[in-house]
Amino acid sequence: MVLLLLETPAGYALFSLKNKKLLKADADTIYDSFKEASDAARQVDLTAFHRFKDTKAAMEAATELTEGTVGKSMKKFLKKSIVDAGLGDSLAVLDKTLGGNINKKLGIEVSVLSESLKEVMRGIRLHLTTLIEGLEESEVKAMSLGLAHTLSRFKLKFSPDKVDVMIMQAVGLLDDLDKELNNFAMRLREWYGWHFPEMGKIVTENLAYAKVVKLMGLKVKAKDTKFGKIGVPEDIALEVQKAAETSMGTDITDEDLVNIHTLAERVIELTEYRASLAEYLKLRMNAIAPNLTYMVGELVGARLISQAGSLMSLAKHPSSTVQILGAEKALFRALKTKKQTPKYGLIYHASLVGQSAPNLKGKISRVLAAKLSLCCRVDALGDQVEPSLGKEYKEYVEKRLATLEEGGMRGMTKGTSKPQQGKFEKKAGGTDKYNAEADAVEEPVKKKRKATEEAEEPAKKKKRKASAAEEEAVEEVPKKKKKMQVEKEEA
């Protein structure tokens, strides 16, 4: 006889297979054998059933089953039902790893799971409530739903403050908002610039520009507009009013102004929402990864988590991967072309890397990445709320940066000789008089330039005459040769 171990949301069930012919039957035959509840009762019989006390016990049992281990509750159940009962039948289990562990711990013979056994177990699950007495279908559904929720929470280690998915979505939305805000602000400046072009150079901030457009409307109303309501400084307000008097812009209709007002309102709304989203991201990052946030800030930390996929996967990365995270394209391009690999990725935007000298950025990014990987592991696996480790490591990186900068300065001054500085000793006997003879003043040597030039001039003239005579003699020789050739030809 073959025993079948079946795990349900309600508990463990042990069935004995009456009809051995089903072990060699095909899927269609087994399906026909379990078509009705009465047919299923003729094929299998319930040997033992262990009900779970509560949802916690069911969750523990389900976790052990997914890992393939034999828990205390299953061990007791199998020992009582098979070993103590003296049943020498083979046991069929759906999981191969679980079957091996049962055989090692309890010494029960575990049969090889075949396709026919799988179909038999599927048939048992179909009529589970009729085969197990005292088990209702509605109760099983409620148990399975509760167990599914509990198991999902356990797997995700659910905590409202520890959900890094929110961070990934928030930082992605923040980047999208920045792009859209830039596009809308540029469109607003171009659109309203046709009416009042001079204001674009006076009011440079996008939010202030949108507020001024919304408050003022047409440039004709600039004199009567009180810009202090929207927080514009007086000097800028005066410049806007002066520029409005001599503006070269064209007139616009009321319909155009309505559309411009709508766009200005949208820019103001998006800017305010971006500020609130940035504050939300800061609070989330301080709750989830306090050490990482203290080291590189909430924006860079959130981008690192988003690039890695989650805080746990970022914690699993080595420091060399954290260092170049975000520069994957440059890395593979460098490997393909056999050139130098990138020294930093997203970590480049951290303040510690930004404030370092260009020739030290690679070294500092490596040191920072090493400490960041440790901070990520503490944040992901620890329960710290305060960034104590982040403070310690940031101080270390700052000291390292200062040491490297000092070493660079020493290298620049290396080899330069310094003047010897001796101690000043005051002579005894009061103050000495000034000794004029001690001054070594050399008289300038008078150069006889004119005399030498006069002596050299006749020699130069003679050389010039000699060279000119030689050139004339050289020119006369070919002329004589030509005359001789002409005379021969005439003759």
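Here are three short exercises with worked solutions on the structure above.

This is a predicted model, in which local features need pLDDT of at least 70, side-chain atom pairs count only at pLDDT 80 or more, and totals for chains, interfaces and linings use all residues. Residues are numbered from 1 along each chain as its sequence is written, and side-chain values use heavy atoms, leaving out hydrogens and water.

**Exercise 1: the two sides of helix 4**

Work out which residues of helix 4 are buried and which exposed residues sit on the face turned away from them.

*Step 1.* Get the terms straight: buried means under 20% relative accessible area, exposed over 50%, and partly exposed in between (1.4 Å probe, protein chains only). Helices (H or I, at least four residues) and strands (E, at least two) are DSSP runs, numbered from the N terminus.

*Step 2.* Pick out the buried ones: Met74, Phe77, Leu78, Ser81 and Ile82. They cover an arc of only 95° around the axis, so they lie on the same side of helix 4. (That arc is taken from the directions from the helix axis to the C-beta atoms.)

*Step 3.* Now flip to the face turned away from the buried side, and you'll meet the exposed Lys72, Lys76 and Lys80.

**Exercise 2: a pair of rings**

Find out how the rings of Tyr12 and Phe77 are arranged, and where each residue sits.

*Step 1.* Here's the rule: rings of Phe, Tyr and Trp (its six-membered ring) pair if their centres lie within 6.5 Å; planes under 30 degrees apart count as stacked, over 60 as edge-to-face and the rest as tilted. The count by this rule is 4 aromatic pairs.

*Step 2.* Tyr12 and Phe77 are 6.2 Å apart centre to centre with 20° between the planes, a stacked pair. The pair joins distant parts of the chain, since Tyr12 is in strand 2 and Phe77 in helix 4, 65 residues apart.

*Step 3.* Check the burial: Tyr12 is buried at 1% relative accessible area, and Phe77 is buried too, at 7%.

*Step 4.* Add Phe52, and ring pairs link Tyr12, Phe52 and Phe77 into a cluster.

**Exercise 3: another pair**

Decide whether the Tyr344 and Tyr348 rings are stacked or tilted.

*Step 1.* Look at the geometry: 4.9 Å centre to centre and 35° between the planes, which makes the pair tilted.

*Step 2.* Then check the surface: Tyr344 is partly exposed at 27% relative accessible area, and Tyr348 is partly exposed at 37%.
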